[in-house]
Number of protein chains: 2
Amino acid sequence: MKNIMLIVLDGLGDRPNQILSGKTALQAAFHPNLNRLIRDGQGGLMTPIAPGIRAGSDTSHLSLLGYDPERFYSGRGPFEAMGLGLEVRPGDVAFRANFGTTDSRGIVTDRRAGRLADGNSQLAESLNMEIDGIRFFVKAGVEHRAALVMRGDGLSDKITDSDPHETGRPVNRVMPVSPEGEFTADVLNRFLEVSREVLRNHEANEGRKKNGKPVANELLLRGPGKAPDLKDFREMHGMSGAVVAGIPMITGIGGLLGMHTLKPRGSTGTLDSDFTSKLLAAADLTKKYDYVLVNIKATDVAGHDGDAIAKKEAIERIDRAIGEMMRSVDEDTVIAVTGDHATPCSVRDHSGDPVPVLFRSKGILSDRSMFFDELSSSAGMWRISSIDVMNILKEMADRSEKYGA
Amino acid sequence: MKNIMLIVLDGLGDRPNQILSGKTALQAAFHPNLNRLIRDGQGGLMTPIAPGIRAGSDTSHLSLLGYDPERFYSGRGPFEAMGLGLEVRPGDVAFRANFGTTDSRGIVTDRRAGRLADGNSQLAESLNMEIDGIRFFVKAGVEHRAALVMRGDGLSDKITDSDPHETGRPVNRVMPVSPEGEFTADVLNRFLEVSREVLRNHEANEGRKKNGKPVANELLLRGPGKAPDLKDFREMHGMSGAVVAGIPMITGIGGLLGMHTLKPRGSTGTLDSDFTSKLLAAADLTKKYDYVLVNIKATDVAGHDGDAIAKKEAIERIDRAIGEMMRSVDEDTVIAVTGDHATPCSVRDHSGDPVPVLFRSKGILSDRSMFFDELSSSAGMWRISSIDVMNILKEMADRSEKYGA
C-alpha cells in the first residue's frame, strides 16, 4: 500500500486572458515540475461535481474527499461559518449573515449597513450569548458580512430567513417550515430581539450615528444549514487523513471529517503565502498519514481579483515549491494535482469549466499528456468528475477493495 | 436491424512491463486485425463500472450486458458458486466456503486445512444433502476453496458468516441479521452440525490424519448472497442473446439472464484455449441470435500469472483468430472488442485502469483511433463506462428506441 497526496490549486482553471496574449494563466506560466509530473503519469480533465456546475470550494472539496455533495451537503451556512473561522460541529445550525440597517419601524433601509468596515468584529462579539441552553456564536467577515452558529440540543435548519433580501421591507420573523423547526425558530427570534437591544446601544454604532453613517442595528440571517454528521474519514476510506490549508473553510471540512488539520506557519491563504514550507509540511505528513490533501488558495485569490499576471506568477512559485517538495517526498507516494474549480480572471468568480488533473504513481501507464494546462491535459486519458478522484487515488495506492469476484 | 457481437478479452488492460521494454502486453503484441477493426470504426477508453473501481468479472459482465450492478448485484457468493460450475437459480442463497480445521473444542486452527489438495472433491460431494426441504450443493474449487448453494423456499441472505475469519477463534453460529433470515440461519446451522459428523468420519480425512496433515473437518462459510432474479435478457433488451465462454462464471451469468450459453469444444478458459473455434462458434451464433457475447479468459490468466510474454502471445493468437472469424461473420454485424477490467501483469490482480474499447459498424464515422491499445485507443472519441456499451451497441445495430420525440 502506498500513501497519497492530493494537491488542490484552488480556482486553478482559467480562460484566455488578453494580457497573457490569449493564454490561460496555466498556459502562460513556466511550470516544468508540473509538466514532469503529468509526463511521467496520467492526465486529463476533471469536472468539479459535474459538467457545467459552478462548484463552491466546499462542495468541490467534499467531492474530492469522496463525499458526494448530493448526499452530504446541507447548505452553505456551516461552510461559510467555517470559512470565517467559526468552529462548526455536527448538529450545529449555521447561517450566513449581514449587518444591516433598519428604520424605527423595522423596515430594512440598507442590507449592508453602508458596507460597514470599522467595528464589525466588536459588534459580532457582542452578540455571543446563550438562550435556553442554546449557545450563539457570531463572527464578522469582510465589511458587513458575518456568520452565526447555534449550538445545543434539538436544533433544526427547517426554518426561514430573517433577511427579507431587499430594502424597503420589514425584517422577517423566523418561521418554522416544518414542525421540527419550531423550537429553533422560537429561540432564534428571541436571540434576534436581544441582539437588536445590544446593537442599538453598542458604542460602535454611537460612532457611526455621529458620523452620519448607517448604523448596524440588525443581524440579517439567511441560508440556514445544519452541519452534517459525516462519516469519519477513516471509517469511510480505511485510511488516516490530514488536511493542510491556509483558509479555515478547508481545515474546517477536514475537522468535520475527523481528519488531522494543519495551517502551517507562513501559510496565509493569500498570494504571499509560503508555498514551499506548506508543501514540505504536507510531504512530511505523508509519512504519518495515509492520505494528505493540501489546498493552495493563491490561484483562486488572483482569479477573484481578475489579475492574470498574479495568477501566472503564483503558479510559477507554486511549481518551484512542488519541485522542492518532490525531493523530500517518498517516491512511492501517489501524487495528484488538480483544482477544485476554475476561477477565470475574466469572470472574477467560480466558473463551470473543467480543470486539468494529473496522477503520478509508480508503475502506471504514462499517457499522451505532456503539459499541465487546460488544453494540453486533454491529450490525457481521463475525463472524470471530482467524485472519481478518491477512487482513482485509492486504486493507484493499492488501497481499494475489489468490487465483485 | 443488425446483429451484435461483443468480444470480451478478460483482464485485457495492462501496465508497462519491463520484460516488454516498458510496453503493455497489448502495445507489444502484433495484432493487425484488432488494429483494422479500430481503424475502420471508433475507439476510446472504457472504465469498468466507474473510474478507479477494481471490477470483478461478475460485476463487469453484468454491466456490459446492460444490468447495472449497483441495482442488480447481490454479493459474490452466487457468482463464486457459478465460477466453480455450480448451477445457481434465482432465489438460491450461495456462499464462498473454505475447508478448515478445528480442534476438539471447535476452535479454528487452520482456515485452509493445510491448503487441502487431494480429496477435496470427495469431501465436497459428501456434503450434498437435503434438510427440511432445503437442498445443499457443495462443490470444491482449487485447494481448500469451495462453494455452497442452498435451494428451496423461503431462503434469505440476511445471515452472518460461520467463518470467524481468523484462527484461534471458534466457528461462529450462523445468526440472522434480520427476522427474514431466521429460517435460513436455523437450517444452515443444522446443515453444519450434520456436515461436521460427515467430515469427521470421511475417509479422505482418515488419510490426512495418518499422514499428520490438518484434517478438513469444518466447512467455513462467508459472503452469503441471494442469486438475483434478473429480468430476462430478451425482456430487458428486446433481443435474443447468447453467451460463449470457457469458464462457468460467465456462462452462469448468461444462464441467470435466460440467454443461450455455449462452452465450445476446445475452449478451456486457459492459455491453451482454441480461440479460433471459439470465435467461429460465436460468429455462427450471430446468425441465430441478435446479440452474442464471447469471453476469452486467457489474457486474464496470464495477467494473474504475472506473465507478460504469455499475455502478449495470447493476444497475438486471439488476433489471428479474430482475423479468421472476420471472414465468416456477416459484414453487417456490429462488432465491439474490450476487456471486462485490467489485470496488469505487474499487479497480478484486477486493477482499476481504464481498458481500450473499439466499435466497428457499417456506416459510422471512423474516428482518429488507429491502433488498439491502452494508449492509442485514447485518440478515439469514446470515454465511457461499461454500462454504456450495451446502449452504444444497440444504437449502432438500429435496435434502440428514441428517448423522446
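Modeller: Two strands count as a pair when DSSP finds at least two bridges between them, and in this predicted model strand β2 (residues 42–47) of chain A and strand β13 (residues 355–360) of chain A are joined by five bridges in the antiparallel sense. Five bridges meet the requirement of at least two, so β2(A) and β13(A) are rightly called paired. Within this pairing, Leu45(A) stands opposite Pro356(A) of β13(A).

Colleague: What is the strand order of the open sheet of chain A, and how many strands does it have?

Modeller: The sheet has eight strands, ordered β10-β9-β11-β1-β12-β13-β2-β14, and its pairing is mixed.

Colleague: What makes β10 and β14 of chain A the edge strands?

Modeller: Each of them, β10 (260–262) and β14 (382–385) of chain A, pairs on one side only. As for the twist of this sheet, neighbouring strands are turned by 20° against each other on average, with direction ignored.

Colleague: Why can chain A be described as compact?

Modeller: Chain A contains 14 helices and 15 strands. Its radius of gyration is 23 Å, while the globule rule gives 22 Å for 405 residues; the two values are close, so chain A is as compact as a globular protein of that length. Along its principal axes, the C-alpha trace of the chain spans about 70 × 55 × 35 Å.

Colleague: Which residues form the domains of chain A?

Modeller: Domain 1 covers 4–73 + 230–396, and domain 2 covers 80–226. The centres of these two domains of chain A, taken over C-alpha atoms, are separated by 34 Å. Where the domains meet, five residues of domain 1 of chain A are in contact with six residues of domain 2 of chain A, and the domain 1 side divides into four nonpolar, one polar and no charged.

Colleague: What does the open sheet of chain B look like, and which are its edge strands?

Modeller: In chain B the open sheet of eight strands has the order β11-β10-β12-β1-β13-β14-β2-β15, with mixed pairing, and the strands that pair on one side only are β11 (260–262) and β15 (382–385) of chain B. From one strand to the next the twist averages 20°. Helix α2 (residues 32–40) of chain B packs on this sheet and touches β2 (42–47), β13 (334–338) and β14 (355–360) of chain B, with its direction at about 65° to that of β14(B).

Colleague: How do you know that strands β1 and β12 of chain B pair?

Modeller: Six bridges link β1 (residues 4–9) and β12 (residues 291–296) of chain B in the parallel sense, and at least two are needed, so the strands pair. One of the partnerships is that of Ile7(B) with Val294(B) in β12(B).

Colleague: Why is the relation between chain A and chain B called that of a three-fold axis?

Modeller: Chain B can be laid on chain A with an RMSD of 0.1 Å by a turn of 125° and a shift of 0.3 Å along the axis; that is the relation of a three-fold axis. The copies nevertheless use different surfaces, with 3% of the contact residues of chain B recurring in chain A. Arg383(B) is the residue of chain B that comes closest to the rotation axis, its C-alpha lying at 3.9 Å.

Colleague: How many residues of each chain are in contact, and which elements of chain B supply them?

Modeller: The contact involves 29 residues of chain B and 18 residues of chain A. On the chain B side, β3 (54–55), α3 (57–64) and α5 (77–83) each supply at least two residues. That side divides into eleven nonpolar, eleven polar and seven charged residues.

Colleague: What makes β15 of chain A and β3(B) a pair?

Modeller: Two bridges join strand β15 (residues 402–403) of chain A to β3(B), and the two strands run parallel. The requirement is at least two bridges, so this count meets it. Tyr403(A) has Ala55(B) as its bridge partner in β3(B).

Conventions
Residues numbered from 1 in each chain as written. Chains lettered and ligands numbered in written order. Predicted model: local features only at pLDDT ≥ 70, side-chain atom pairs only at ≥ 80, totals over all residues. Helix = DSSP H or I, 4+ residues; strand = E, 2+ residues; numbered from the N terminus. Axes fitted to C-alpha atoms, helices over the stretch in contact; angles between N-to-C directions. Contact = placed C-beta atoms within 7 Å. Least-squares fit on C-alpha atoms with pLDDT ≥ 70 in both. Nonpolar A, V, L, I, M, F, W, Y, C, P; charged D, E, K, R; others polar. Domains from an automatic or database assignment. Rg over C-alpha atoms; globule rule 2.2 N^0.38 Å.
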